[in-house]
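I opened my notebook to look around a new protein model. Come along and check each entry against the picture.

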Amino acid sequence: MRWPKVIIGTKLAILLVIGVMGTLVLSVFWQGSAAVISQFENRYVVMLDPGHGGYDPGAVSSKGVYEKAINLKIAQKVKEMLQPSGIEVFLTREEDLDYVPDGVKGKTTKKQIDLNHRIEMAKEEKADIFVSLHVNATKTGQNSGAETFYHYKSESGKRLAELIQQEMIKINGMNRRVAKPGDFYIIKNTSMPAVIVEVGYLSSAKEQKKLQQTWYQEQLSRAIAKGISNYFELP
């Protein structure tokens, strides 16, 4: 007479265990999903600008090394390094080109048209920050090392420049400069925080050799990517 009660009790116990296990599984799944959603709920957009391109080579070394080529390689590496953090990265150019229509004359006019197009690209993508990459040069050839500039009226730009420069000076042999204010057209006319990163000097024979090397370009790119990640407080 007692067997049915035992069977019913056993079934209830089994159902209870299954129910508890199911709840635990759902809880873990929900927590995991929430963590993923939380990680990407803030959409960060970065516009990287490989300076110059097309008709404009930028600085050119005595051995025919073009700044525009180095700028593009570093920008591509920075983009690759930032993407795993969930940051959406755009480049103002993916190849050797400019945005000046045929027939436009005048160095200043051509340059302004090109820069305005890049600024507009950042607006269209609703970029949170604008990072323009360049290589420096002087007539004497005595200068070397990286420099990062921000517009003197932008506190956010200053913070971004400082974070990038802090990472740049960690590179072995790099001059220990600080971020500097400036009034350059590209950082003056963007609607978002913007900086110019001069990764080195083509006019320095020693630095010119390093700037052409993949391993050194990767060090520079990693420093820039780390500075950007720190700005967004991402790992």
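**Entry 1: a helix ruler.** Before starting I wrote down a rule: the expected span of a helix is 1.5 Å times one less than its number of residues. Helices (H or I, at least four residues) and strands (E, at least two) are DSSP runs, numbered from the N terminus. I tried the rule on α7, which has 18 residues and reaches 26 Å from its first C-alpha to its last, close to the 26 Å expected at 1.5 Å a residue. Then I tried α2: its 16 residues should span 22 Å at 1.5 Å a residue, and its end C-alpha atoms are 23 Å apart, which agrees.

**Entry 2: what I am looking at.** This is a predicted model, in which local features need pLDDT of at least 70 and side-chain atom pairs count only at pLDDT 80 or more, while totals for chains, interfaces and linings use all residues. Residues are numbered from 1 along each chain as its sequence is written, and side-chain values use heavy atoms, with hydrogens and water left out.

**Entry 3: the overall plan.** I looked up the secondary structure and found seven helices and six strands in the protein chain. From the N terminus on, they run α-β-α-β-α-β-β-α-β-α-β-α-α. Next I looked up burial (buried means under 20% relative accessible area, exposed over 50%, partly exposed in between, with a 1.4 Å probe and protein chains only). Of the 235 residues, 41% count as buried. I also looked up contacts (heavy atoms within 4.5 Å). Of those with a separation of 6 or more, 77% join residues 24 or more positions apart.

**Entry 4: the sheet.** How are the six strands ordered in the sheet? They form an open sheet in the order β2-β1-β3-β6-β4-β5, with mixed pairing. Two strands pair if DSSP finds at least two bridges between them. β2 and β5 (180–182) stand at the edges with a single partner strand each, so one side of each is left without a neighbour in the sheet. The twist averages 30 degrees from one strand to the next. For angles, axes are lines fitted to C-alpha atoms, for helices over the stretch in contact, and the values run from 0 to 180 degrees between N-to-C directions.

**Entry 5: strand β3.** I followed β3 to its partners. It pairs with β1 in the parallel sense over five bridges, and Pro50 has Leu133 of β3 as its bridge partner. β3 and β6 also pair in the parallel sense, over six bridges; here Val131 has Val195 in β6 as its bridge partner. Is β3 mostly covered or mostly open? β3 is mostly covered, with eight of its eight residues buried. Ile129, Val131, Leu133 and Val135 point one way from β3, while Phe130, Ser132, His134 and Asn136 point the other way. I noted the general rule beside this: in a regular strand the side chains alternate between the two faces of the sheet.

**Entry 6: one residue, Ile129.** I picked Ile129, found in strand β3. It is buried, with a relative accessible area of 0%. Beyond residues up to four places away in sequence, Ile129 touches several others, including Val45, Leu160, Pro193 and Phe232. Its C-alpha atom and that of Leu48 are separated by 8.6 Å, though the two residues are 81 apart along the chain.

**Entry 7: the core.** A nonpolar core is a set of buried Ala, Val, Leu, Ile, Met, Phe, Trp, Tyr and Cys residues joined through side-chain atoms within 4.5 Å. The largest one has 41 residues, and among those with the most contacts inside it are Val131, Met168 and Leu220. The largest share of this core, seven residues, comes from α7. Leu220 touches Ile74, Met168, Ile171, Met174, Val199 and Leu211, not counting residues up to four places away in sequence. A second, separate core of 14 residues includes Met121, Phe130, Ala194 and Ile196.

**Entry 8: helices against the sheet.** α2 lies across β1, β2, β3 and β6, running at about 140 degrees to β3. Helix α3 (residues 107–124) lies across β1, β2 and β3, at about 165 degrees to β1. I ended on α7, whose buried residues include Tyr216, Leu220, Ile224 and Ile228. What covers its buried residues includes β1, α2, β3, α4, β6 and α6. Just after α7, Glu233 takes a positive phi of about 55 degrees.
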